[in-house]
Structures are given as structure tokens and as C-alpha cells.
Amino acid sequence: MPRIRPMLSCLMLAMLLLPLQSPPAAVAQDAADRVQREWKGDLGEMLEQRRPIRVLVVYNRTNFFIEEGVVRGLEADMMRAWEEWLGKRHAKELVRLVFVPVTFADLVPALLDGRGDVIAAGLTVTAERSKEVAFTAPYRTGVTAVAVGGPRSRALKTADELSGRKVSVVEGTSYAEHLADLSGALKRKGLAPVKIVKADPVLATEDLLEMASKGMIEYTAADVFMAEAWTKAFPKLRLFPDAVIHADGRLAWGVRPDCPELKASLSEFAATVRQGTLLGNMFFKRYYVNEDFVANPTDSGEIGKLRPLAELFRRYGREYGFDWLKIAAMAYQESRFDMNRKSSAGAVGIMQIKPSTAAEMGVKDISTPDGNVHAGVAYLRYLCDRYFSDVDEDAKMDFALAAYNAGPARITQVRKKAREMGLDPDRWFGNAEWAAFALIGRETTAYVAHVQMYYAAYKASEDILLKRRDAM
């Protein structure tokens, strides 16, 4: 079972994602730029126009995070399950899902501005949010939020005892909204309001729980199930179950009010992953119950598979003119960074390359990570230059990835088919990928989309992680 990486490991990943130099000018267009252009429409329009469904997430330690180069988290798992569920109901359409990490405070603005289509961030349904966001049927109900402190925090018997106390919360969370309501009630009783401290927006509730456990802040607020899970990592964390900030909360996904199809689809799917269902319980236990998953942040055990490979990705990315994070995303899609993986077709290692292909690239030994990565990146460069020299730089990598998966001859056929279908043979997304879907099926289109998804998540998360490190 994978293990969540608390703050220490988040910082390791942040340092890992620091590039040694600026990406070369010839790198493909940033995938994050593609998906974050403002656009508004409902599910039917997304499918008809073959647009990716952009899921707005917050980088934290339980709902969406990157572990060993892998996108994980409760919301991430549920959204990928929805992608599969949706794909079965629209078998003749291309269903693609892309995660767009933002800060918590930017979730609703990004949705309303058209920078994303779905909010999946453990969002509690509140009256204020419902004025702007259309919520789906809930996937979790009966949620209670309580005050949480650390080793030096005064014990609380009721929420009213927060009167005059400092409580740190992330702006835009339901905790901030409910604490404001509590403050109003305290004033009406003639008591001092809660001193609500707005934490840096790049921090997450899990970060505040760690800070409380270390005595860095006096109190914070969290849902009981989240706080209980993190007491395993932070034994000095103290829950005050009688100091209830809000009771009977509902967690749901959010869409724009003018997207009834999207809301209906997600609401129908919610019934398959809500608490009490087999799949819903499995996802929830994976991130909130399993003790092996929540690790002590001072544990100096394994720090992930990506870190020792990063220098190889950087080195050969520089040598062959690629963004190293794109190479890392591709390697994860190929092998999950497993050097021991072998395919039935004879491809081996991290880059899943055949010995014969590597030999053509001038690399004789692919039994080591160095040789394997070298051969894979060299072959990718060969595909770009040999078969797609007539394609614009911002799309060349897309075709090379497709050729890496299906073979250059097949992708040459795909481009011919795209012309016959009246599509642009020099553009992959929204054009040639549709021809690939017709000729090959979902495998290659999913391959390219998933590489782009991992790459976009790496790139978007990099800035958030670095800012969070500075804020701590």
C-alpha cells in the first residue's frame, strides 16, 4: 500500500522538481497551458468537441498529491473511477480527464472563470458556496468538524471556549466560514469572537495539523475523520471532539450552475462511491484508515522511485532537447519507474524499450537505468526528427509519444486518416487523436493523454509545493 508523504517528503519532492536550468526553447508546449485556457461548456459540448474534462484539485496529502511520481489521493482515485465509468457510457467518444491543481481559495474562481470544469477537493456544501456553485449529490454525509490543537493547547469542552482564541485556517475553506458563524454567535452572547488567523493560501489543512502538533499554532479546525487519521503521523495532535465547529456536513463535487449534464453524471456516479459502498469504502480506507499509508514525516525511509532517476531524466532531457519532467511523465506511464518490468513484446526497463531499438540508437546495454533511459530518450528524439519534422514544435512531442506507443508506421497511417476525416494531421489533441481512436482504439489516445496529464500535474504542482515550503 502506498504511503502518504507528509511535509518532509513534500519538501523533498519540491526540491526534486527544481530544474537545473530553464527548459530548452524547442520543448513542446506546456500541457498545463492547454487545459487552463478559459472555456465554459457542459458535458455534451466537452465530448462533442473532444475536450479534456478539467478537474480542479488542491495539492494536499490526502485528496491529491504526487507520490513516487504517481498522482494519488482520495479525490484523484474517485475522479479516475468516474473517467472509467463515463468512458463506458460514451464508448464512441474520447473521454479524457486532466487534473488542474490550484490553491483552495482559487477553486471557485477558477471554476467560474472557465479554467476548470469540476471541483474535486473534499468540498463541504455550504450556503455561501451554493450561491455560486452547483453541487452534485454528496459522496459523504454526516461530517463533523472540530477544533484541533497541539501539546500546549488548552483543552476545550465546547466550541464557545474558542472565544478570544487564535484559530488558524486556510481561507476559503468551510472551516473559515463556520468559524465566522461561531464568532457571530459568540458576539451575540456578549463574548469575544474567535481570532481567526488566515493561513498562507498555499498551505493545506494537513499542513496546519502538523503545525498544531508541533505547537507552531494554537488551534486549527478539521473534519474528525481527517484529524483522527493524522494523529497516527502526529501523536501530539489533540482533538477536541466536544468543540464542534460544524456538524452533519456533506462532501460533494462542484460544477458551474449552467452545467446540468455534468452535474447529473457526477451525481449518478456519486452513488457508486459514496460511504457505505464497496468502492467508496475502499478508497476512503486507502487514505484515511490504513495505518501503513499515513507515515511519520521524520521517517527517513524510501523517498520515492522518482528521486534517484531525476538526474538521469535531467541529463538526457538536456542532451536531446526535452523537458525532463515530460520524460519522467512518460517513464511513469511506461513502467511506473520499474526497471524490472518486461513486456510480452520484449520491451524492458523504465522506458520499456526493446534491445534491438536501443542498439539502433547506439546504446548496447539497457540493463541499467542509465542505459535504459538514454536509449528511450534517444529513440524519442529520433521519432521527432525522422517522422515529425514537418509538425510544429508544440505538437511534435505529442506525435512522438504516440509513435513510441504504437509505432511510427501506425501514426503515419493515423495522419493520413486524419486528412481523410477532415482533421488537421499536424495537430494531435482534438484532431489526429480522433483518427488514432478510429484506427487503433483507446490505447494510444489514452497513452498520450495520460503522459500529458502526469506532466501537467508535475508542472502545476511544482510552484505550489515550493510556495508551501516557503510558507512553512
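A residue is termed buried when its relative accessible area is under 20%. The legends below describe close-up views of a predicted model.

**Figure 1. Helix α4 is mostly covered.** By the cut-off of under 20% relative accessible area, 12 of the 16 residues of α4 are buried. The helix spans residues 74–89, and its first and last C-alpha atoms lie 23 Å apart, close to the 22 Å expected at 1.5 Å a residue. Its buried residues include the aromatic Trp82 and Trp85, together with Leu74, Met78, Met79 and Leu86. The charged residues Glu75, Asp77 and Glu83 of α4 are also buried, as are Ala76, Ala81 and Gly87. For the protein as a whole, buried residues make up 57% of the 472 residues.

**Figure 2. The largest cavity and its lining.** The structure holds six cavities of 30 Å³ or more. The largest cavity contains about 270 Å³ of space, and 26 residues line it. Phe104, Ala121, Gly122, Thr205 and Met226 are the lining residues closest to its centre. At least two lining residues come from each of β5 (118–124), α7 (174–188), α8 (205–213), α9 (224–230) and α11 (278–288). Strand β5 provides the largest share, with four residues. The lining of the largest cavity comprises 15 nonpolar, seven polar and four charged residues.

**Figure 3. The second largest pocket.** This pocket has a volume of about 440 Å³. Its lining consists of 19 residues, and Glu334, Ala347, Gln352, Tyr404 and Asn405 lie nearest the centre. Three helices, α13 (324–335), α16 (393–406) and α19 (442–471), each supply at least two residues of the lining. By class, the residues lining the second largest pocket are divided into nine nonpolar, seven polar and three charged.

**Figure 4. Surroundings of Ser335 in helix α13.** Ser335 has a relative accessible area of 0% and is therefore buried. Its side chain reaches the backbone nitrogen of Phe337 at a distance of 3.1 Å. When neighbours within four places in sequence are left aside, Ser335 is in contact with Arg341, Gly349, Ile350 and Gln352. Of these partners, Gln352 is also among the residues nearest the centre of the second largest pocket. Helix α13, in which Ser335 is placed, supplies at least two residues of the lining of that pocket.

**Figure 5. Lys157 in the loop between β7 and β8.** The loop joins the strands β7 (140–149) and β8 (166–170). Lys157 counts as exposed because its relative accessibility is 64%, and the cut-off for that class is over 50%. Lys157 and Phe240 are 83 residues apart in sequence, yet their C-alpha atoms are 7.2 Å apart in space. Leaving aside neighbours within four places in sequence, Lys157 is in contact with Asp242 and Ala243.

**Figure 6. The overall fold as context for the close-up views.** The secondary structure comprises 19 helices and 11 strands. Of the contacts in the protein with a separation of 6 or more, 73% are between residues 24 or more positions apart.

Notes: Residues numbered from 1 in each chain as written. Predicted model: local features only at pLDDT ≥ 70, side-chain atom pairs only at ≥ 80, totals over all residues. Heavy atoms only, no water. 1 Å grid on protein atoms, 1.4 Å probe; cavity = no way out; pocket = protein on both sides within 12 Å on 5 of 7 lines; lining within 4 Å. Points joined across faces, edges and corners; volume = space filled by probe spheres on them. Nonpolar A, V, L, I, M, F, W, Y, C, P; charged D, E, K, R; others polar. Expected span 1.5 Å × (residues − 1). Buried < 20%, exposed > 50% of the residue type's maximum accessible area, 1.4 Å probe, protein only. Polar contact = N/O pair within 3.5 Å; in protein donor to acceptor, adjacent residues only side chain to side chain. Contact = heavy atoms within 4.5 Å.
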